[in-house]
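Colleague: I would like a close look at one part of this model, the packing of its interior. Please take the cores and a helix contact in turn, and then the single residues that bear on them.

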Amino acid sequence: MTGRGAPASVDERALSAGTTARFALLVALLLASSSLMVLYVGIALSSYDGFGCSLAAGVDPAADPAANVMDKRALQWEAYRACSDRYAAPPPWWWLVGWWTLLAAGTAVLFGALPRWKARRSRVVPLATVDRDGEIRRVLADLSATAGLTRPPRVVVDPAAASAGAVVFGRTGRATICLHGGLVAARTTDPRRFRAVLLHELAHIANRDVTVTYLTVALWRVYLAVALPPFLLWCGWMFRRAAGSLVWSAEAPIVSRGLLTTGLLAVLVYLARSEVLRSREVYADRAAVRWGADPTGWATPAPATTGGYPRRALRAFTELWHPHPRWDVRRAALTDPAVLFGLRALPLFLTGAAAAVTHTHASYALTQYALVTTWMQHAAAVVSAALVAGVVGIALWRAVVYAALTGQPPPSSLRSGLWLGLGLAVGGTLAGQGTVNEWLPARPWLLLLVVLAATAFTWWLTQSARLWVVAWRGRSLRPVALLNVSAAALGLSLWFFWWHTHGVAYTAGWMVDVAGFRDYLVAAWVGRELDHPPASAVDRAWVLAVLTGTATTGPPLGLLAVAGAWVVPLLAWLPRPGTGPAPWVRAAAPDRAPGPLGPPLPGLRRVLGAGLPGAGAGVLVAVAVLAWLHARARTGYSATSYTVAYLAGMTLVLLVAAAVAAVAARRAVPAHRLPAALVAAGAATLLAFAALVVLRALDGCVPALSVGTGDCALNLRVVPNLVAHVLVPALPLTALVAGLLAAPRPRAARALDRPGATAGGSRATADRPGTVAARVGVAVLAVTALGIATLVAVQRAPYAARMPEPAEAQRAARRWTGTVIDAPVSARSRAMQVDAWLDRGGDDLLDRFYRQRRDLFAAVTAGVDAGRSIDRLGDLRPRCVQLGEFADDAARYFRIPDPEADRLWESFVEIVRQASQGCVTALDTHQADLFNTSMRALATAQQTSHAIDDRIDALIALGGW
């Protein structure tokens with residue numbers, strides 16, 4: 001029903017159907033999954049030995065949880081990366097390129113062969129064989145012109161098919177319609193059905209369904225025939241060698257998940273394809289009726305609806321697998337296309353699961369080929385998020401538009417988010433997110449964050465769509481729908497990025513070292529190391545805030561995504577208000593009676609006015625924080641704690657500003673609460689930060705607020721640091737705070753998307769500004785927010801394109817990673833570890849030392865026998881330098897995975913390093929005593945190396961290895 005109570009017929013073409021995005025998601029899923037399968041097969045055919053490097057790093061495959069596995073690798077990342085490059089290198093890059101080429105070529109060949117195969121299988125005959133008078137060809141030509149086709153398609157007849165139906169196959173530009181014999185016979189007995197069926201098939205061609213449908217069919221069959229068999233053989237080979245595998249306990253979850261993911265993939269593709277085809281049938285039906293087909297041309301007996309709930313549930317389940325909708329659904333859709341605008345649970349779940357699997361597999365491939373720059377990681381996240389937004393975002397927009405045009409309640413973003421989030425969680429878990437070598441994540445409760453993120457995504461899209469539906473006055477909703485869906489995709493990509501780079505690690509049990517990360521951030525702020533006090537509650541809260549903020553805005557486009565969350569709703573106040581139905585409303589529902597499409601836009605002054613108390617509260621907090629810091633500056637406060645208090649206080653200023661503004665917007669604007677809260681919080685944050693910059697730039701002008709040592713003078717050098725260390729990390733948190741405060745109260749949870757009608761709602765229409773000044777204000781705010789985000793993106797772009805060096809990543813891990821708690825290791829596992837340590841490079845290092853020490857001693861002996869004094873032994877210097885280089889390489893190698901042997905190893909490396917340095921110094925300064933001391937130290941190192949050998953041999957013998 002419409003807003004006035006009159007019925008309205010909604011044109012299904014008001015917005016894009018979104019089926020192309022669904023096909024794109026299926027293609028991406030098949031590509032990512034099959035590529036991973038090919039990688040597994042390629043690894044099996046090579047000498048890949050990833051577990052050997054993990055064993056050498058001290059990983060116990062039988063006892064170490066996932067967090068320990070990650071920590072032990074990261075803490076020795078330099079050695080682990082070098083070991084992986086040598087012993088666990090992925091197949092060459094052309095392996096994947098060759099697979100993609102094979103997949104594309106196979107798909108193209110099968111796509112071209114499918115029409116001929118279908119024609120031969122059906123034993124069809126040309127139309128001219130049965131249409132001797134040309135009547136059918138003339139009717140076809142007329143109907144093709146009605147459908148807007150430039151030329152009639154090729155038509156064949158299947159005389160053996162008794163049904164009064166038809167099917168179209170091939171590709172859009174060269175489609176073929178196959179008429180069943182029963183339909184040809186009905187041309188004279190039931191011309192209404194004949195015409196309706198032909199128009200329906202022509203609608204498939206006009207809607208460009210044919211090419212995409214058969215491309216998907218071809219790709220799926222190539223996947224089944226080319227990618228799946230080798231992968232299943234690999235799984236069988238892995239299970240067969242399980243009995244003799246010493247690391248099967250770690251391999252079993254990976255292989256089993258591969259099989260489960262394959263099964264899930266088959267279900268995902270089939271159900272999603274069937275759901276898309278069902279909707280395309282309804283689109284074709286409505287197009288045929290619009291072109292003049294008689295709606296009764298599809299008249300068939302309605303199925304009986306008898307039976308209890310179990311029978312109805314079974315019937316609904318079986319219908320999910322059918323590519324055609326029920327006839328009663330098709331008949332009902334001819335008058336009311338609600339089925340095309342509804343949000344169903346299964347497509348939402350399938351979309352989430354497909355996106356999670358796709359993103360996990362793509363990220364794994366990037367990791368294998370060491371392409372884990374920030375840009376590459378965010379690119380993978382953007383692709384996955386764009387696929388989700390293209391499917392779910394368009395579906396939500398269609399549901400909102402339909403509800404607005406028919407006067408029905410808006411769609412439940414809570415329900416949509418729950419199903420989408422459940423799909424993301426299930427698909428990610430089956431793909432191995434947060435599990436590493438275990439069956440389930442160590443902290444499965446963190447998967448609730450996935451559901452909450454999906455709900456936030458659907459909530460924002462729904463509320464923004466409701467806002468724009470009321471505000472937009474254009475001829476088509478497609479531009480603003482594209483703007484909203486694009487902003488939502490960019491925002492969701494930040495979630496994918498954060499979840500894969502941080503959330504998955506937390507789910508696996510990893511935890512950051514608060515004190516170490518705090519000290520790192522403080523050093524980055526002041527430019528040098530300070531003291532290292534124990535972590536306090538303030539430290540923990542600030543580190544958590546910074547971790548969340550910086551991890552979210554880590555990609556250069558991160559701040560643009562955050563800004564888009566409130567700038568896109570803000571732009572809804574730009575269109576000029578008008579009277580009467582908008583042009584897009586007249587096109588989408590011509591017979592709709594005049595009436596509002598939903599709660600009117602509140603006045604911009606009311607929304608932005610809510611930001612003023614927020615900015616004021618932020619200024620008051622800034623003054624209080626600076627006064628507190630000024631008082632503490634004279635009390636001998638720890639330098640690190642003082643710096644943390646300063647940075648945390650500056651962040652608190654922005655959070656308080658956003659929170660107060662959101663609360664004020666909620667009270668002042670009863671309708672469109674979320675957009676209003678986000679806009680008010682965004683404006684308040686910018687104003688509070690501007691005030692903060694003024695206070696800090698004029699530090700010293702107000703002695704009671706001074707935290708520096710300078711005089712009263714304008715100091716703009718504080719601005720870059722405030723932007724990088726305060727504003728950028730705080731912006732995602734301010735948006736999060738505003739969203740949380742705009743959420744419905746618990747008692748209003750059932751009306752999540754239906755703000756209550758209050759007196760404030762009626763006032764909103766009266767003070768909605770349409771002045772040039774208001775639109776200029778909107779433009780200034782939008783340009784300011786996007787300008788700051790763009791400048792940050794440009795600044796971060798070079799760093800985001802840089803691949804971190806292994807040594808750099810290792811240093812970061814050693815500063816931020818908490819203490820690894822080792823469980824007791826069995827003798828068998830310890831033997832495997834130390835043997836892997838020897839085999840992956842330890843034995844080579846010891847042999848290298850033996851050779852270098854032997855050659856040096858031989859050269860020294862030869863020189864002494866020749867009567868040369870210390871000042872004539874300069875030619876030995878390169879040999880002493882080589883020993884120093886050996887010590888550096890040995891220090892970069894894995895620690896021995898045994899406490900006693902590792903103590904010997906550390907002592908051995910340090911002795912060699914000091915001996916090398918002493919040898920070089922002695923030769924440079926002609927100190928014979930120092931030279932002799934160095935030679936004796938090398939002899940001691942030789943004895944220590946023998947002790948290391950003996951300890952490792954004993955461990956291997958004890959473990960029976």
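Modeller: What follows goes from the whole chain to the cores, then to one helix pair and a few single residues.

The model is predicted. Its chain has 961 residues, and 52% of them count as buried. In secondary structure the chain comes to 34 helices and four strands. Along the principal axes, the C-alpha atoms fill a box of roughly 120 × 80 × 50 Å. The accessible surface is about 41900 Å², with 63% of that belonging to carbon and sulfur atoms. Among contacts between residues at least 6 apart in sequence, 84% join residues at least 24 apart.

Now the interior. The largest nonpolar core has 147 residues, and W397, L405, F457 and W584 are those with the most contacts inside it. Helix α19, residues 478-507, gives this core its largest share, 16 residues. A second core, separate from that one, has 50 residues, including W837, C880, V920 and A922.

F457 can be followed further. With neighbours within four places in sequence left aside, F457 is in contact with V388, A389, V392, L420, A488 and L492. T455 lies in helix α18, which spans residues 448-471. T455 has a relative accessible area of 13%, and because the cut-off for buried is under 20%, T455 counts as buried. Not counting residues up to four places away, T455 touches S413, L414, G417 and L418.

Next, the helix pair. Two packed helices are described by the angle between their axes and the distance between the axes. For helix α21 (residues 537-552) and helix α27 (residues 718-742), the axes come within 8 Å and cross at roughly 95°. That angle makes α21 roughly perpendicular to α27, because values from 65 to 115 degrees fall in that class. On the α21 side the contact is made by A545, T548, G549, T550 and T552, and on the α27 side by P729, P732 and L733. By type, the residues of this contact divide into four nonpolar, four polar and no charged.

G52 is another buried position, with a relative accessible area of 2%. G52 is found in helix α2, residues 50-56. Leaving aside neighbours within four places in sequence, G52 is in contact with A836 and R840. The C-alpha atoms of G52 and C83 are separated by 8.8 Å, and these two residues are 31 apart along the chain.

Two histidines in loops deserve a check of their backbone angles. H672 has a phi near 55°, a positive value in a residue other than glycine. H672 sits in the loop between α25 (639-668) and α26 (673-697). Its relative accessibility is 3%, so H672 counts as buried. H926 also is not a glycine and has a positive phi, of about 60°. The loop that holds H926 runs between α33 (899-925) and α34 (928-958). At 44% relative accessibility, H926 counts as partly exposed. Thus H672 is buried, whereas H926 is partly exposed.

Definitions and conventions: Residues numbered from 1 in each chain as written. Predicted model: local features only at pLDDT ≥ 70, side-chain atom pairs only at ≥ 80, totals over all residues. Heavy atoms only, no water. Core = buried A, V, L, I, M, F, W, Y, C linked by side-chain atoms within 4.5 Å. Buried < 20%, exposed > 50% of the residue type's maximum accessible area, 1.4 Å probe, protein only. Contact = heavy atoms within 4.5 Å. Axes fitted to C-alpha atoms, helices over the stretch in contact; angles between N-to-C directions. Parallel < 35°, antiparallel > 145°, perpendicular 65-115°, else oblique. Nonpolar A, V, L, I, M, F, W, Y, C, P; charged D, E, K, R; others polar. Areas by Shrake-Rupley, 256 points an atom, 1.4 Å probe, with all protein chains shown as cover.
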